[in-house]
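Student: I have a model open and I'd like to walk through a few spots in it. Can we go one question at a time?

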Amino acid sequence: MTAIPARILASLLALSLAHPALAEPVMLDRIVAVVNKSVVSENELNARIKSVSANLARQKVEAPPPDVLRHQVLDRLISERVLSDYASDTGLRIDERQLDQTIERIAEQNKMSVPQFRQALEREGTSYAGFRDQIRQDMLIQRLREREVDGRVFVTDAEIDQYLAANKDQARTEQEYKLAHILIAIPEGSGQDVVNAKQLRAGEAARQLAGGKAFAEVAAGFSDASDALSGGDLGWRSAGRLPPAFLDALDKLSAGQVTKVMRSPAGFHLVKLVEKRQRDGKEIVKQTHARHILVKVNELNSDNDAKTRILELRERIQNGAKFEEQAKLHSEDGSASKGGDLDWLSPGDTVPDFEQAMNALKPGELSQAIRSPYGWHLIEVLERREQDVTKDRERTRVRLELRDRKADEQYEDWARQQRDQAFVEIRLDEK
């Protein structure tokens with residue numbers, strides 16, 4: 001069973017609420033954008049505008065002017081289409097079982113059964129088929145991120161040492177910030193004239209904020225970030241997940257204040273400090289002692305071939321073969337020489353798909369074939385324990401925070417490159 005990580009589930013739940021008005025399919029009337037070999041229809045655009053408007057109203061955020069909102073929503077649809085088409089073209093799929101499990105969890109988050117959740121959607125005028133398609137696309141893009149970025153991000157001991165040396169004040173490293181942001185993105189390879197224009201746009205957003213406009217309203221009208229139409233909400237971020245320049249600026253603010261315009265490789269930023277808090281100093285975690293066998297997916301080994309091999313190994317183990325011997329002979333992970341032994345794992349030590357599948361197992365239980373960004377796995381849990389990691393947590397926590405920050409930055413950069421390289425023809429203003 002492939003489970004969905006809590007942070008992804010929360011994101012999907014937010015998306016489910018942000019798309020309450022996915023209308024029943026109707027006939028295409030015209031194309032408003034061509035994206036590579038795909039198109040965005042006007043009906044699709046209008047349905048998304050309707051859902052975004054309803055979501056903004058629910059948050060009591062005034063929507064941008066209709067023409068601004070129309071262009072903002074179309075821009076998000078184009079970015080989504082670029083990524084979802086890339087995912088499909090490179091073999092990523094979300095099967096019906098995975099999709100059903102995710103929708104079950106969304107229904108549970110809404111304290112409903114799936115039939116009740118479906119009825120609630122339909123009472124609001126939401127197409128259940130359209131809702132499923134949207135969640136499938138969101139899952140596909142998340143899986144794409146895991147494969148293309150998250151699974152390739154590593155943090156060295158030297159990076160951890162450097163961070164700890166630069167942040168000796170423990171009170172600061174234990175600080176968490178609830179943030180909202182506005183990003184004025186700069187396309188890759190832009191000339192100085194484009195950079196200047198983007199800086200002027202960022203300055204105009206700052207002036208509107210200084211004039212008293214709500215941050216969420218300005219974000220909806222100006223931001224190029226994927227969360228713009230949700231008011232730019234970033235949620236809670238630990239100090240380690242923030243670039244040093246942002247952290248220095250935030251430490252000078254009180255709750256409710258906004259930074260000056262800041263520049264990064266991605267573009268120009270305005271960040272609002274909504275709230276901040278101090279983390280609890282003591283940390284007790286549930287650790288799992290596990291072992292696994294990995295068959296990688298690559299150019300020489302297709303997804304189906306890798307899965308078939310894993311299933312064959314699972315059958316051998318069920319028929320009496322020793323797990324550690326099969327791991328030594330067949331696993332393509334560095335743990336193969338140790339019989340697949342991964343030692344004690346804390347939350348966050350493995351990629352989300354692996355961790356969720358592992359957490360669902362009882363000690364001594366062998367998993368089904370589990371897919372992760374690295375390939376197909378068999379997992380066996382040996383034992384579990386509650387461990388006080390207060391003394392050891394600092395380096396582990398910093399490693400996770402730095403990895404999350406690097407992944408966020410690299411994903412934004414990668415997604416921007418995909419968009420910049422795509423063929424996009426906008427026909428919105430054509431009559």
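Student: Okay, starting with Val381: is it buried or exposed?
Tutor: Keep in mind that this is a predicted model. Val381 sits in strand β10, residues 375-388. Its relative accessibility is 0%, and the cut-off for buried is under 20%, so Val381 counts as buried.

Student: Which residues does Val381 touch, leaving out those up to four places away in sequence?
Tutor: One partner to look at is Leu361, 20 residues away along the chain, with a C-alpha separation of 6.6 Å from Val381. The full list of residues touched by Val381 is Thr288, His289, Ala290, Met358, Leu361, Lys362, Pro363, Gly364 and Glu365.

Student: Now the helices. At what angle do α2 and α3 pack?
Tutor: Two packed helices are described by the angle between their axes and the distance between the axes. Here α2 covers residues 42-58 and α3 covers residues 66-89, and their axes are 10 Å apart. The packing angle is about 115°.

Student: Are α2 and α3 roughly parallel or roughly perpendicular?
Tutor: Angles from 65 to 115 degrees count as roughly perpendicular. The angle for this pair is about 115°. The crossing is also right-handed. So α2 and α3 are roughly perpendicular.

Student: What kinds of residues make the contact of α2 with α3?
Tutor: On the α2 side you'll find Glu42, Glu44, Leu45, Asn46, Arg48, Ile49, Val52 and Ser53. From α3 come Leu69, Arg70, Val73, Leu74, Leu77, Glu80 and Arg81. Sorted by class, that contact has seven nonpolar, two polar and six charged residues.

Student: Which residues of α2 are buried?
Tutor: First, the helix itself: α2 has 17 residues and spans 24 Å from first C-alpha to last, close to the 24 Å expected at 1.5 Å a residue. Just after it comes Lys60, with a positive phi near 60°. The buried residues in α2 are Glu42, Leu45, Ala47, Arg48, Ile49, Ser51, Val52, Asn55 and Leu56.

Student: How is α7 oriented to α15, roughly parallel or roughly perpendicular?
Tutor: Helix α7 is residues 157-166 and helix α15 is residues 393-421. Their axes come within 10 Å and cross at roughly 105°. That makes α7 and α15 roughly perpendicular.

Student: How many nonpolar, polar and charged residues are in the contact of α7 with α15?
Tutor: From α7, the residues are Asp157, Glu159, Ile160, Asp161, Tyr163 and Leu164. They meet Glu394, Arg395, Val398, Arg399, Leu402 and Lys406 of α15. By class, the tally is five nonpolar, no polar and seven charged.

Student: Let's look at backbone angles. Lys111 has what phi, and is it buried or exposed?
Tutor: Lys111 lies in the loop between α4 (96-109) and α5 (114-123). Its phi is positive, near 60°, in a residue other than glycine. Since its relative accessible area is 78% and the cut-off is over 50%, Lys111 is exposed.

Student: Where is Asp343 found, and what is its phi?
Tutor: Asp343 is in strand β8, residues 341-345. Its relative accessibility is 46%, so it counts as partly exposed. Asp343 isn't a glycine, yet its phi is positive, about 65°.

Student: How far apart in space are Glu104 and Gln175, C-alpha to C-alpha?
Tutor: Glu104 belongs to helix α4, and at 40% relative accessibility it counts as partly exposed. In sequence, Glu104 and Gln175 are 71 residues apart. In space, C-alpha to C-alpha, the separation is 35 Å.

Student: Last one: which residues is Lys276 in contact with, leaving aside neighbours within four places in sequence?
Tutor: Lys276 is in strand β6, residues 267-278, and is partly exposed with a relative accessible area of 39%. Its C-alpha is 9.8 Å from that of Asp251, 25 residues away along the chain. The contacts of Lys276 are Gln175, Glu176, Tyr177, Trp236 and Leu253.

Key. Residues numbered from 1 in each chain as written. Predicted model: local features only at pLDDT ≥ 70, side-chain atom pairs only at ≥ 80, totals over all residues. Heavy atoms only, no water. Axes fitted to C-alpha atoms, helices over the stretch in contact; angles between N-to-C directions. Helix = DSSP H or I, 4+ residues; strand = E, 2+ residues; numbered from the N terminus. Parallel < 35°, antiparallel > 145°, perpendicular 65-115°, else oblique. Left-handed = near helix turned anticlockwise from the far one by under 90°. Contact = heavy atoms within 4.5 Å. Nonpolar A, V, L, I, M, F, W, Y, C, P; charged D, E, K, R; others polar. Expected span 1.5 Å × (residues − 1). Buried < 20%, exposed > 50% of the residue type's maximum accessible area, 1.4 Å probe, protein only.
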